[in-house]
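Please open the entry below in your viewer and keep the selection panel at hand, since the tour proceeds by one selection after another.

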Amino acid sequence: MTLLPVPTTAIIVVAAGSGTRLGADAPKAFVGIDSRSILRHALDGVFAAAPMQVVVVAPAGYEGEAEAELRAAAGDRADLGRVVTGGATRQQSVAAGLRALWADVTTVLVHDAARALTPPAQIDAVADAVTGQAGVIPALPVVDTLKRVDGAEVVAAVDRSELAAAQTPQGFPRRALEEAYAQAAASGTDHTDDAALFAAAGHPVRRIPGSERAFKITTPADLERARHLLGHAGVPAAPALPRIGIGTDAHAYGGEGDLWLAGLRWPGGRALSGHSDGDAVAHAIVDALLSAAGLGDIGTHFGTDHPEYAGAHADVFLRRTAQLLAEAGFGIGSVSVQFQANRPRFSARRAEAERVLSAALGGAPVSVTATTTDGLGFTGRGEGVAVTAVALVVPAG
Ligand code: CTP
Ligand code: MG
């Protein structure tokens, strides 16, 4: 039997967050990028770096799943890994990881599982750069022009040459990091990253170059970016692509009250039937937008099990849909909708309809066209209306 040397470097992979901003139905680390989860990708990167102790910090109740991911990524080096349970904050999760370090470890790296595509070379570079009592962080130059703001007010320009965007893994001499953690716990201070906590204890921190691939998956748009990068392995980071969606709807005439279509009331028109006001134009737009963002369809969010939408008009549906997209990290590029029916005559109110629909979507351009079907089909026989909508949405950031 060959005895492998016990590594003196350890990496704590924190994966215990809930992923509120990602909004998936599982904790963020267990959300799939492709066939592999965020945690699995992060661990694949870790095990491709030089051998080190690997401590995975999992959300309470997900230790078994984390163990399975660890074993799959570790291959024949499962001896290096173990799973511990995380805490309510990132800092508490790192502290839990620190308690699991082997006695021989002298250098500790702390890494966000959410930086799933971090190159193994970045992990090695941080580990190699830790010497003496200084901490090491990978960081990228800031490219945006920055302003200091107070509400809507721009207060000052900020010189970006003095700033850098911090990534992980961040590396530290073990004892100094443990002492810094003990101090932060004693004083009850919560820091946003390990370098800040380490610096608060009076230790120097140096930076080395980070990489674009080490970005943190925070929002659905970030997840899209990771998927895109994996689909184009080796190609430099490209912005996430816009996405399109389609929606159709049809309603029969025969409802109660007034005709509502394209967010407008049409005095004297025959009402359409439906759970809400039967505004097929609005409903087709909602489906097109939800489909473009991969957020299900109108039934998912506004079905008949939501009595609050009974009788609601277009603006209620469209505003809520725009909000759902914004929460998922998508802006609305544009919407095009076509309406098929003999009545009402649309041309006189086209501009008004476009204005109302656009306002309900936060200002995104909406174009409305209308056509008849030469007497063919149910729209030609005057039994109802049919609508098709196409939407373009853009991942934010
Ligand atoms: N993390 C952790 N324990 C916590 C909070 C966060 O281990 N109590 C980890 C996350 O799993 C993630 C990293 O710290 O790998 C960076 O945090 P963040 O990106 O904010 O992830 P979440 O807290 O899960 O996301 P959100 O803030 O959107 O809820
Ligand atoms: Mg968080």
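The stops below begin at the ligand and then move on to the two domains and the place where they touch.

Before selecting anything, bear in mind that this is a predicted model.

**Stop one: the ligand and its shell**

Select ligand 1 and display the residues around it: 18 residues surround the ligand, and the closest are Gly19, Thr20, Lys28, Ser93 and Lys216. If you colour this shell by residue class, you should find six nonpolar, seven polar and five charged residues around ligand 1.

**Stop two: backbone atoms facing the ligand**

Now show the backbone of Val14, where a polar backbone atom is 2.8 Å from an oxygen atom of ligand 1. Moving to Gly87, you will find a polar backbone atom 2.9 Å from a nitrogen atom of the ligand, and at Ala113 a backbone N or O atom lies 3.4 Å from an oxygen atom of the ligand. Switching to a surface view, consider that ligand 1 taken alone exposes 560 Å², of which the protein buries 87%.

**Stop three: the two domains**

Next, colour the chain by its domain assignment, with residues 9-230 as domain 1 and residues 243-395 as domain 2. The C-alpha centres of these two domains lie 44 Å apart.

**Stop four: where the domains touch**

How many residues of domain 1 are in contact with domain 2? Four residues of domain 1 are in contact with five residues of domain 2, and the two domains bury about 320 Å² between them, with 64% of that area on carbon and sulfur atoms. On the side of domain 1, select Pro220, Ala221 and Glu224, which lose the most area to domain 2 and together make up 90% of what that side buries.

**Stop five: the salt bridge**

Finally, keep Glu224 selected and add Arg243: these residues form a salt bridge in which the closest N and O atoms are 3.0 Å apart. The count of salt bridges between domain 1 and domain 2 is one. By class, the side of domain 1 that touches domain 2 has two nonpolar, no polar and two charged residues.

Conventions: Residues numbered from 1 in each chain as written. Chains lettered and ligands numbered in written order. Predicted model: local features only at pLDDT ≥ 70, side-chain atom pairs only at ≥ 80, totals over all residues. Heavy atoms only, no water. Near = heavy atom within 4 Å. Polar contact = N/O pair within 3.5 Å; in protein donor to acceptor, adjacent residues only side chain to side chain. Areas by Shrake-Rupley, 256 points an atom, 1.4 Å probe, with all protein chains shown as cover. Nonpolar A, V, L, I, M, F, W, Y, C, P; charged D, E, K, R; others polar. Domains from an automatic or database assignment. Contact = heavy atoms within 4.5 Å. Buried area = accessible area lost by both parts, 1.4 Å probe. Salt bridge = Lys/Arg side-chain N within 4 Å of Asp/Glu carboxyl O.
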